[in-house]
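Colleague: I'm new to reading models like this one. Can I ask you how the labels come about?

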Amino acid sequence: MGKAVVYPALATAFVILMITSRINKHDNKPNLVGLNRRLGNPFPIPTFDPLVVTIHRVAEAKGLSEQGDPGHRIDTNVVVEAAGDAHEYVSDDGALNMTRRLMFLFPFIDNAPKDGKVNFEELQNWNKEQAVERLIYRTEKEMELHDKDDDGNISFSEYFPQFSKEHIEKNSVAHGEAGWWMIQFKNADVDQDDFLDTDEFNDFLHPEDSSNEEIQKWILKEKIRLLDDDGDKQINFAEFSTHVYSVYKIYGEFEAIKNNLSTPEEKFEALDTNKDEFLDVKELLPMLSYLKPGELSYARYYASYLIQQADDNGDGYLSLEEMLDHEHTFYTTVYDNVDLYGDDDHFHDEL
């Protein structure tokens, strides 16, 4: 992250005063587990600060164990190897200075417009930037692990060595079999050269965050299979109301649609473009981010959650003071023992 002069001298003097005189008003951590529980999402709460991810990656590279603890201590051995000026935000005894760090990050988040307060779009974009970086990092790790000939591409056999030639030739499309995975591999292989480059591999590994419509349809087909009570491979109103709308309504609490949420009948009618009283895969595409949210979608919900938690005056914006008053809300997950790097082994599990 590059340095930038973001405040005039008067504002600089103001924020320095805040650092030197600050008294933490909110020492209790919020229950962020409640966000995952309410949304029914398996992802850990996104990591707000890229510096934290960098420190943990350095620790991982050094073969060290989890570096955080409830006292907000970080092993200073890893700080000196982290990128940038990490040592400026960690004291000699290893305590992360969350206040100082938020002071530094605030002007980078507050940029559209730069008006001294953070709106939903700014916070959402910030969270998405962090999510994209994490996705790319995990993809590069997987590429390094599986690209045996080091040609910058992944073949099907390189990523799925457990499938023999006979398995592949059998081409069984039963869930989890070689043919089933081959369909999605071909969906990701946009140039159809039988290999996945980094971008294609990224879509393959993180289908919920892909803009590839064929990949999205594949995910929805699998989801419909689980929601289709009568087995007709499409969703009727009863199935929609029970399985789809209920999820959509929960996520709506974290979005701008909260105050004008459509009824089940209204939403079904809007999605049913051919008016046959059923929803097929294509018609359900607008619901993908609710039925199978990826990290980019979750970044949006997390932005809403942070504003709800820290917006003390209820104006829909976060001031620097509000963020500092709720600094634990932004840093709780530093010490939650979650995998900040992302283990993509879950990708092979039931979708």
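Modeller: Sure, and keep in mind that this is a predicted model. Let's begin with Val90: its relative accessibility is 10%.

Colleague: What makes Val90 count as buried?

Modeller: Buried means under 20% relative accessible area. Val90 has 10%, so it counts as buried. You'll find Val90 in the loop between α4 (76–79) and α5. Its C-alpha atom is 9.4 Å from that of Arg101, and the two residues are 11 apart along the chain.

Colleague: Why is Lys275 called exposed?

Modeller: Exposed means over 50%. Lys275 has a relative accessible area of 53%, so the label is exposed. Lys275 sits in the loop between α13 (264–271) and α14 (281–284).

Colleague: And why does Asn171 count as partly exposed?

Modeller: Partly exposed covers what lies between under 20% and over 50%. Asn171 comes out at 43%, so partly exposed is the label. Its place is the loop between α8 (165–170) and α9.

Colleague: What is the phi of Asn171?

Modeller: It's near 55°, a positive value, and Asn171 isn't a glycine. Lys275 also has a positive phi, of about 55°, and isn't a glycine either. Most residues other than glycine have a negative phi, and most peptide bonds are trans.

Colleague: Which peptide bond is cis, with omega near 0°?

Modeller: The bond from Ala112 to Pro113. Pro113 belongs to the loop between α5 (98–109) and β1 (117–118).

Colleague: Let's turn to helices. How many helices and strands does the protein chain have?

Modeller: There are 18 helices and two strands. Of the 351 residues in the chain, 49% are buried.

Colleague: Why is α9 said to be largely enclosed by the rest of the structure?

Modeller: Nine of its 11 residues are buried, so that description fits α9. Among those buried residues are Trp180, Trp181, Met182 and Phe185. The cover over the buried part of α9 includes α7, α8, α10 and α11.

Colleague: How do you know that α9 and α11 are roughly antiparallel?

Modeller: Their axes cross at roughly 155° and come within 8 Å. Angles over 145 degrees count as roughly antiparallel. So α9 and α11 earn that name.

Colleague: Which residues of α9 and α11 meet?

Modeller: From α9 you have Trp180, Trp181, Ile183, Gln184, Asn187 and Ala188, and from α11 there are Glu214, Ile215, Trp218 and Glu222. By type, the residues of this contact between α9 and α11 split into six nonpolar, two polar and two charged.

Colleague: What makes α6 roughly perpendicular to α10?

Modeller: Look at the angle again: helix α6 (residues 120–146) and helix α10 (residues 198–205) have axes that cross at roughly 105° and come within 10 Å. The range for roughly perpendicular is 65 to 115 degrees, so α6 is roughly perpendicular to α10. On the α6 side the contact involves Leu135, Ile136, Thr139, Glu142 and Met143, and on the α10 side Thr198, Phe201, Asn202 and Leu205. For α6 with α10, the split is five nonpolar, three polar and one charged.

Colleague: Why is α10 called largely enclosed?

Modeller: Because six of its eight residues are buried. They are Glu200, Phe201, Asn202, Asp203, Phe204 and Leu205. The buried residues of α10 pack against α6, α7 (156–159), α9 (178–188) and α11 (213–227).

Colleague: What caps the N-terminal end of α10?

Modeller: Asp197 does: one of its side-chain oxygens lies 3.2 Å from the backbone nitrogen of Asp199. The cut-off for a polar contact is 3.5 Å.

Colleague: Last topic: which residues have the most contacts inside the largest nonpolar core?

Modeller: Trp181, Phe201, Phe204, Phe240 and Met287, in a core of 40 residues. Apart from that core lies another one of 31 residues, including Ile55, Met103, Ala303 and Leu306. In soluble globular proteins, nonpolar side chains tend to be buried together.

Colleague: And what does Phe240 touch, leaving out residues up to four places away in sequence?

Modeller: Phe240 touches Ile235, Tyr245, Pro264, Lys267, Phe268, Leu271 and Leu279.

Technical notes
Residues are numbered from 1 along each chain as its sequence is written. This is a predicted model: local features need pLDDT of at least 70, side-chain atom pairs count only at pLDDT 80 or more; totals for chains, interfaces and linings use all residues. Side-chain values use heavy atoms; hydrogens and water are left out. A nonpolar core is a set of buried Ala, Val, Leu, Ile, Met, Phe, Trp, Tyr and Cys residues joined through side-chain atoms within 4.5 Å. Buried means under 20% relative accessible area, exposed over 50%, partly exposed in between (1.4 Å probe, protein chains only). Contact means heavy atoms within 4.5 Å. Axes are lines fitted to C-alpha atoms, for helices over the stretch in contact, and angles run from 0 to 180 degrees between N-to-C directions. Helices (H or I, at least four residues) and strands (E, at least two) are DSSP runs, numbered from the N terminus. Angles under 35 degrees count as roughly parallel, over 145 as roughly antiparallel, 65 to 115 as roughly perpendicular and the rest as oblique. Ala, Val, Leu, Ile, Met, Phe, Trp, Tyr, Cys and Pro count as nonpolar, Asp, Glu, Lys and Arg as charged, and the others, Gly among them, as polar. A polar contact is a pair of N or O atoms within 3.5 Å; within protein, one must be able to donate a hydrogen and the other to accept it, and residues adjacent in sequence count only if both atoms are side-chain atoms.
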